[in-house]
Amino acid sequence: MATSQLTASSISARNLASFEGLRPSNLKFGSPVGVSLVSHRSFRGLVVKAATTVAPKYTSIKPLGDRVLVKIKTVEEKTGGGILLPTSAQTKPQGGEVVAVGEGKTIGKTKVGISVQTGAEVVYSKYAGTEVEFNGSKHLILKDDDIVGILETEDVKDLKPLNDRVLIKVAEVEEMTPGGLLLTEASKEKPSIGTVIAVGPGTLDEEGNKKPLSISEGSTVLYSKYAGNDFKGKDGSEYIALRASDVIAILS
């Protein structure tokens, strides 16, 4: 059997998402009860997780509490020009369709329902949830709070943020230095400034009531450099969805 070696020098923080996405979903781990447990193997801090495979005798999955079951969107195997992508170059999906929801949770004396309904197309946090293989498809069981927003169209600029999330259109990267030198793609610094496109309904207080966010649409903001989920819109613009707490200043 062919093996591959992972070295510390071949792994960077930016590439960790792609390694997180290398889940050997084609491997089936037999188990007397029909369900194989999640496998964790550690390679100097790198964790490779295999999806739990649910045996065919089970016909449904019912999330409990404030959890949601999402059918993961299929990874694109080809570029727009029809070029077949190797597994290492395929972007790990961060979205899918809600197929089942839990009953919600109780905060104080208030019963709080799930913020999404079955059939909704959603975007979720990069490393959230537990992956399961069910009915021949990959699914994710995650908490309602890990859902970033609802995607009502195929363009991320129309994302409807949930809870305390905000959607920001990232400012364009400077093409030249103040001295007039043209910057290469590798030397362009990722901006941490952008314009707020949409805001979520807010957080829940101790009584389970919604507390509106202090950030409004149209504001130019400065945000934490490594926060949130990055997306590219159909118009080529960069967007980021993050928690309001990751916005550190409003610029004017």
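Thr53 stands opposite Glu133, a residue of strand 9. The model is predicted. Two open sheets are described here: one has eight strands, and one has six. Gln94 and two nonpolar cores complete the picture.

**Eight-stranded sheet**

- The strand order is 3-9-10-4-5-8-11-12, and the pairing is mixed.
- Strand 3 (52-53) and strand 12 (159-161) are the edge strands, each pairing on one side only.
- Strand 3 and strand 9 (residues 130-134) run parallel, joined by two bridges.
- Within this pair of strands, Thr53 faces Glu133 of strand 9 as its opposite residue.

**Six-stranded sheet**

- This open sheet runs in the order 18-19-13-14-17-20, with antiparallel pairing.
- Its edges are strand 18 (229-232) and strand 20 (247-251), and each of these pairs on one side only.
- From one strand to the next, the twist averages 40°.
- Strand 18 is joined by four bridges to strand 19 (residues 238-243), and the two run antiparallel.
- Asp230 has Ile240 of strand 19 standing opposite.

**Gln94**

- Gln94 sits in the loop that links strand 4 (67-72) with strand 5 (95-101).
- Is Gln94 buried or exposed? Its relative accessibility is 18%. Buried means under 20%, so Gln94 counts as buried.
- The side chains of Gln94 and Asn229 make a polar contact of 2.7 Å.
- Beyond its neighbours within four places in sequence, Gln94 is in contact with Val122, Val123, Tyr124, Lys126, Asn229 and Phe231.
- Asn229 therefore appears in the contact list of Gln94 as well as in the polar contact, where contact means heavy atoms within 4.5 Å.

**Nonpolar cores**

- The largest nonpolar core has 16 residues. Those touching the most other members are Val68, Val70, Val98, Val116, Val122, Leu142 and Ile147.
- Two or more residues each come from strand 4, strand 5, strand 8 (121-124), strand 10 (137-143) and strand 11 (147-151).
- Strand 4 contributes the most to this core, with three residues.
- Leu142 touches Asp66, Arg67, Val68, Val70, Tyr124, Ala128, Gly129 and Ile147, leaving out residues up to four places away in sequence.
- A second core is separate and holds 13 residues, including Val170, Val196, Leu213 and Ala227.

Technical notes
Residues numbered from 1 in each chain as written. Predicted model: local features only at pLDDT ≥ 70, side-chain atom pairs only at ≥ 80, totals over all residues. Heavy atoms only, no water. Pairing = 2+ DSSP bridges. Axes fitted to C-alpha atoms, helices over the stretch in contact; angles between N-to-C directions. Buried < 20%, exposed > 50% of the residue type's maximum accessible area, 1.4 Å probe, protein only. Polar contact = N/O pair within 3.5 Å; in protein donor to acceptor, adjacent residues only side chain to side chain. Core = buried A, V, L, I, M, F, W, Y, C linked by side-chain atoms within 4.5 Å.
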